[in-house]
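User: I am new to this entry and would like to go through it in questions and answers. Please keep the replies plain.

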Amino acid sequence: MALPTSIRLGAETEARLSFLAAQTGRSKAYYLRELIENGLADLEDYYLAAGVLERVRKGREQVHSAADVRAELGLDD
């Protein structure tokens, strides 16, 4: 089920989006969906990784060296 959502864009962003839509014959909604769907994975990667990094820095996340992992998996045999 689609969720209707509204956002406010700055004038320059709105103009760029309108120009792209006009030049390609696609709707502005199409490009906004593309940006969200394709950009969401990048945002998830960034913000979730930032959380892990913060836990590593605070000593709350276990870390392993590449050498230890290779030895544990028997990759150096």
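User: At 25% relative accessibility, does Y30 count as buried, partly exposed or exposed, and which class does its neighbour fall into?

Analyst: This is a predicted model, and the values here are computed from it. Buried means under 20% relative accessible area and exposed means over 50%. Y30 has 25% relative accessibility, so Y30 counts as partly exposed. Y31 has 15% relative accessibility, so Y31 counts as buried.

User: How is the aromatic pair of Y30 and Y31 arranged?

Analyst: A pair of aromatic rings is described by the distance of the centres and the angle of the planes. For Y30 and Y31, the centres are 5.0 Å apart and the planes make 85 degrees. Planes over 60 degrees apart count as edge-to-face. The pair of Y30 and Y31 is therefore edge-to-face.

User: How many aromatic pairs are there, and what is the angle between the planes of Y46 and Y47?

Analyst: The count comes to 2 aromatic pairs. Y46 and Y47 form an edge-to-face pair, with 4.9 Å from centre to centre. Y46 is exposed at a relative accessible area of 55%, and Y47 is exposed at 56%. The angle between the planes of Y46 and Y47 is 90 degrees.

User: What pattern do the helices and strands follow along the sequence?

Analyst: The chain has 3 helices and 0 strands. Helix α1 covers residues 11–24, α2 covers 28–57, and α3 covers 66–73. Read along the sequence, the pattern is α-α-α.

User: What radius of gyration does the chain have, set against a compact globule of 77 residues?

Analyst: The C-alpha atoms fill a box of roughly 60 × 30 × 30 Å along the principal axes. A compact globule of 77 residues would have a radius of gyration near 11 Å. For the chain, the value is 22 Å.

User: How far apart are the C-alpha atoms of L20 and R70?

Analyst: L20 sits in helix α1 and is partly exposed, with a relative accessible area of 36%. Along the chain, L20 and R70 are 50 residues apart. Their C-alpha atoms are separated by 49 Å.

User: Where does G25 lie, and how far is it in space from V63?

Analyst: G25 lies in the loop between α1 and α2. At 69% relative accessibility, G25 counts as exposed. G25 and V63 are 38 residues apart in sequence. From C-alpha to C-alpha, the distance between G25 and V63 is 50 Å.

User: Why does α3 lie largely in the open, and which residue follows α3?

Analyst: Of the 8 residues of α3, the number buried is 0, so α3 lies largely in the open. The residue that follows α3 has a positive phi, near 70 degrees. That residue is G74.

User: What share of the 77 residues of the chain counts as buried?

Analyst: The accessible surface of the chain comes to about 7,100 Å². Carbon and sulfur atoms hold 56% of that surface. Of the 77 residues, the share that counts as buried is 4%.

User: How far apart are the mean positions of the positive and negative charges?

Analyst: The chain has 10 positive and 13 negative charges. Their mean positions are separated by 10 Å.

User: In which helix is confidence highest, and in which is it lowest?

Analyst: The chain averages a pLDDT of 94, and 100% of the residues score at least 70. Confidence is highest in helix α1, at a mean of 98. The lowest mean is 93, in helix α3.

Conventions. Residues numbered from 1 in each chain as written. Predicted model: local features only at pLDDT ≥ 70, side-chain atom pairs only at ≥ 80, totals over all residues. Heavy atoms only, no water. Helix = DSSP H or I, 4+ residues; strand = E, 2+ residues; numbered from the N terminus. Rg over C-alpha atoms; globule rule 2.2 N^0.38 Å. Buried < 20%, exposed > 50% of the residue type's maximum accessible area, 1.4 Å probe, protein only. Areas by Shrake-Rupley, 256 points an atom, 1.4 Å probe, with all protein chains shown as cover. Lys, Arg positive; Asp, Glu negative; His and termini not counted. Charge placed at Lys NZ, Arg CZ, Asp CG, Glu CD. pLDDT = per-residue confidence, 0-100. Phe/Tyr/Trp six-rings, centres within 6.5 Å; stacked < 30°, edge-to-face > 60°.
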